[in-house]
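Biologist: Before we start, could you explain the labels as we go? I keep hearing words like "buried" and "salt bridge", and I'd like to know what earns them.

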Amino acid sequence: MSIEILTGQINIDRFRVGARNDNKKGFTLAEVLITLGIIGVVAALTIPSLMTAYKAHRYRSQFLKSYSIVQQAFRQMEAEDVSTDPTSYGLDSFYKTFSRYVKTLADCGTNAKGMKAYPQCYTKTSPKAYKAYDGKTKAYTEVFDDGQLVLIDGTNLLFENPSNARVFVHVDLNGFLNPPNRWGYDLFTFHFVDGELRTMGSSGTLYSAATYCNPASTNQYNGIGCAHYAKNNTDYFKKIAKQLK
């Protein structure tokens with residue numbers, strides 16, 4: 001009899017334990033809504049900064065990649081004893097030699113001889129114009145007309161090689177078809193001078209960064225000197241990315 005009573009007591013205790021487990025409560029609707037609200041606020045605060053950081057990293061990577069491509073092309077020319085002296089080339093002829101050392105999608109030609117009808121190519125009659133650093137002034141595009149190449153990654157290279165013996169290589173990082181098409185944002189200029197490729201705005205180049213990377217200036221050349229800051233200031237593209245949509 002005592003054993004049966006004991007067994008019965010055990011079964012009752014088990015039932016009670018199970019009842020206690022079954023009565024455990026989950027989150028209330030209010031608690032779930034509060035949690036989701038907190039997550040939403042945190043996301044709203046962090047996602048924009050993460051996107052800005054991503055854009056800045058992408059633009060800086062594209063800039064350094066383009067700088068490396070142009071620099072390597074000059075070095076290959078030198079290694080093969082091909083002249084890099086601007087005075088040894090006639091008007092509009094330098095870019096043709098340079099084109100052999102990069103992988104191109106299209107040769108756009110020159111304004112003097114007529115640009116090809118590729119949609120990726122910038123021409124003086126293009127409906128979209130390149131802008132100076134302030135984003136309002138039209139850039140002085142006469143320095144873009146001595147040859148143009150579209151690389152296989154979509155980058156545009158625009159050359160300046162006039163009769164006064166200089167070579168500029170302008171790089172549109174994301175191609176002419178994509179905005180903002182603006183000096184100092186996605187358009188940067190390199191100057192080949194004294195046997196060296198330099199970022200425009202650095203020592204020895206024709207346009208200083210202090211004068212020609214000035215957001216307050218409405219000069220048509222404004223922005224041509226921004227490549228110096230883009231290369232040497234790691235935070236440069238963070239400022240740019242905040243303004244790009």
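Modeller: Happy to. Let's start with Asp153, which counts as partly exposed at 36% relative accessibility. One caution: this is a predicted model, where local features need pLDDT of at least 70 and side-chain atom pairs count only at pLDDT 80 or more, while totals for chains, interfaces and linings use all residues. Residues are numbered from 1 along each chain as its sequence is written, and side-chain values use heavy atoms, with hydrogens and water left out.

Biologist: Why is Asp153 called partly exposed?

Modeller: Buried means under 20% relative accessible area, exposed means over 50%, and partly exposed is in between (1.4 Å probe, protein chains only). Asp153 has 36%, so it falls in the middle class. Lys65 lands there too, at 44%.

Biologist: What makes Asp153 and Lys65 a salt bridge?

Modeller: The rule asks for a side-chain nitrogen of Lys or Arg within 4 Å of a carboxyl oxygen of Asp or Glu. Here the closest N and O atoms are 3.2 Å apart, so the pair qualifies. Asp153 sits in the loop between strand S2 (148–151) and strand S3 (156–160), and Lys65 is in helix H2 (residues 29–79), so the bridge ties together parts 88 residues apart in sequence. By this rule the count comes to 6 salt bridges.

Biologist: You said helix and strand. What makes a stretch one or the other?

Modeller: Both are DSSP runs, numbered from the N terminus: helices are H or I with at least four residues, strands are E with at least two. The protein chain has 6 helices and 6 strands, and along the sequence they go α-α-α-β-β-β-β-β-β-α-α-α.

Biologist: How do you know which strands pair up?

Modeller: Two strands pair if DSSP finds at least two bridges between them. S3 and S4 have 5 bridges and run antiparallel, so they pass. Strand S5 (residues 187–193) and S6 have 4, also antiparallel. Overall, 6 strands form an open sheet in the order S1-S2-S3-S4-S5-S6. Strand S1 (104–109) and strand S6 (196–199) stand at the edges with a single partner each, so one side of each has no neighbour in the sheet.

Biologist: What do we see between S3 and S4 around Glu160?

Modeller: Its bridge partner in S4 is Phe168. Glu160 also forms a salt bridge with Arg166, with the closest N and O atoms 2.8 Å apart, and both of these residues are buried.

Biologist: Why is Arg198 buried while Glu196 is partly exposed?

Modeller: Arg198 has a relative accessible area of 16%, so it is buried. Glu196 has 42%, so it counts as partly exposed. Their side chains meet in a salt bridge (3.3 Å, N to O). Shared partners join Asp194, Glu196 and Arg198 into one network. Across in the sheet, His191 stands opposite Arg198. In the hairpin of S5 and S6, with 2 residues between the strands, Asp194 takes a positive phi near 55 degrees.

Biologist: How do you know that Asp172 has no salt bridge?

Modeller: Lys and Arg count as positive, Asp and Glu as negative, while His and the chain ends are not counted. The nearest side chain of opposite charge to Asp172 is Lys128, 8.1 Å away, so the salt bridge cut-off isn't met. Yet Asp172, in strand S4 (residues 167–172), is buried.

Biologist: Which residues does Asp172 touch?

Modeller: Touching, or contact, means heavy atoms within 4.5 Å. Leaving out residues up to four places away in sequence, Asp172 touches Tyr130, Thr155, Asn156, Asn181, Asp186 and Leu187. A polar atom of its side chain also lies 3.4 Å from the backbone nitrogen of Phe176.

Biologist: What is notable about the phi of Asn181?

Modeller: Asn181 has a positive phi of about 50 degrees although it is not a glycine. It sits in the loop between S4 and S5 and is buried at 3%. Pro180 is in the loop between S4 and S5 as well, and the peptide bond from Pro179 to Pro180 is cis, with omega near 10 degrees. Asp81 has a positive phi too, near 60 degrees, but counts as exposed at 72%.

Methods. Polar contact = N/O pair within 3.5 Å; in protein donor to acceptor, adjacent residues only side chain to side chain.
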